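This briefing concerns the arrangement of strands and helices in one protein chain. Please consult the sequence and the structure shown below while reading.

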Amino acid sequence: MNKEFLYELLRTGSVSGNEAEIEKKIYDYMQGKADEVSVDELGNVTAAVNTSSPFRVLMTGHADEIGLMVDAVTESGMLKVTGIGGIHVSEYPGHKVRIYTERGVIYGAVVSTKGIRDNKDLSPSDLEIDIGASTKDEALAAVSLGDPVTFDTDVRELLGGRICGRALDDRLGAYIVMEALAAAGARGVSVGAYAAATTGEETTMNGAYFTASRVKPTLAVAVDVTYTSDYAGIDIGETGDVRLGAGPVVCNNPSIHKKINKMLRAAAESAGIAVQTEAASGRTGTDGDVMHRTGIGVPFALVSIPLRYMHSPAECADLSDVENCIKLLTEFLCSLTPDVDLKPF
Ligand SMILES: [Zn+2]
């Protein structure tokens with residue numbers, strides 16, 4: 001595993017709609033590791049091998065992250081914000097943040113008062129960011145309306161091969177699909193294989209729509225994160241029994257294709273990797289839901305990386321799950337032949 005590149009991705013800000021910097025890094029990294037590397041108008045980066053094959057497998061991991069967006073400035077120079085994606089507003093007060101402006105990153109402190117800390121129904125409009133400006137004009141000389149904001153945190157290594165940081169959801173997935181594509185290409189995968197780092201999953205999922213509409217895959221695999229149940233205060237009735245370090249998670253869901261899941265499990269077995277199972281009803285809340293409904297319909301599966309404290313500034317994952325997810329997807333790609341029939345009977 002190339003930890004250096006993974007950590008570089010985790011240090012990069014990529015709030016939904018502002019993914020160009022991280023996508024460029026992925027685009028550059030994949031040069032020479034695939035037959036083709038392309039970028040589309042939304043910034044989705046897709047790496048591919050065997051592009052002449054009529055049987056195409058598309059794997060996606062989303063490169064965007066949740067965050068805030070500057071939407072007004074007060075007369076006293078404080079930034080007002082709105083939320084981007086599924087943020088937990090109560091986690092922001094008292095934290096340092098980064099504002100990604102046209103002229104580079106500037107820093108701020110999210111205002112914390114007793115009233116804010118005691119407010120159980122905090123909304124993004126209650127938040128204010130202090131960037132050190134004293135007037136509206138001074139603030140607007142540095143920041144523009146629409147600038148994205150993230151927590152001012154980077155990746156840290158914990159004990160036991162675990163890592164902690166902002167937005168492991170889902171830069172882990174974007175990294176995994178690229179490494180699996182490169183490894184499968186090196187092993188001589190016999191079908192067309194595509195790996196995409198998608199944009200906008202946390203808001204519109206338009207990145208996955210653009211990508212799948214253009215690749216027209218025979219089948220797709222979304223790679224994202226999922227909740228674990230291995231710490232206090234979690235109801236396994238809601239999350240299922242999922243543990244950090246116990247392997248990639250295969251999802252059973254009414255819209256997920258059972259034959260693809262079967263092939264994923266067979267690939268895990270031949271690679272000697274343990275997989276966990278989660279069950280969900282309805283939609284998966286991932287790029288898979290959107291890819292499924294492109295073109296004439298795309299059968300799909302969801303492979304997830306176990307994650308603690310999702311959408312917080314300190315999400316935790318186990319690097320062994322990342323490694324095993326790459327191995328699982330590599331084996332899966334290499335197990336496919338162009339005559340695989342996905343009809344259930
Ligand atoms: Zn995600």
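How many bridges join β1 to strand β2, and in which direction do the two run, parallel or antiparallel? Four bridges link β1 with β2 (residues 45-49), and the two strands run antiparallel. The model is a predicted one.

**The sheet**

- Eight strands form an open sheet with mixed pairing, in the order β1-β2-β12-β3-β13-β16-β14-β15.
- Strands β1 (36-39) and β15 (276-279) occupy the edges; each has a single partner strand, so one side of each is left without a neighbour in the sheet.
- On average, neighbouring strands of this sheet are turned by 25° against each other, direction ignored.
- Within the pairing of β1 and β2, S38 stands opposite T46 in β2.

**Helix α5 across the sheet**

- Helix α5 (residues 168-187) lies across five elements of the sheet: β2, β3 (56-62), β12 (192-198), β13 (219-227) and β16 (300-307).
- Relative to β3, helix α5 runs at about 150°.

**Helix α6 and its buried face**

- In helix α6 (residues 206-215), the buried residues are G207, A208, T211, A212 and V215.
- Viewed down the axis of α6, these buried residues fall within an arc of 115°, so they line one face of the helix.
- The packing partners of the buried residues of α6 are β2, β3, β12 and α9 (287-292).
- After α6 comes K216, which has a positive phi, near 50°.

Technical notes
Residues numbered from 1 in each chain as written. Predicted model: local features only at pLDDT ≥ 70, side-chain atom pairs only at ≥ 80, totals over all residues. Heavy atoms only, no water. Pairing = 2+ DSSP bridges. Axes fitted to C-alpha atoms, helices over the stretch in contact; angles between N-to-C directions. Contact = heavy atoms within 4.5 Å. Buried < 20%, exposed > 50% of the residue type's maximum accessible area, 1.4 Å probe, protein only. Arc of directions from axis to C-beta.
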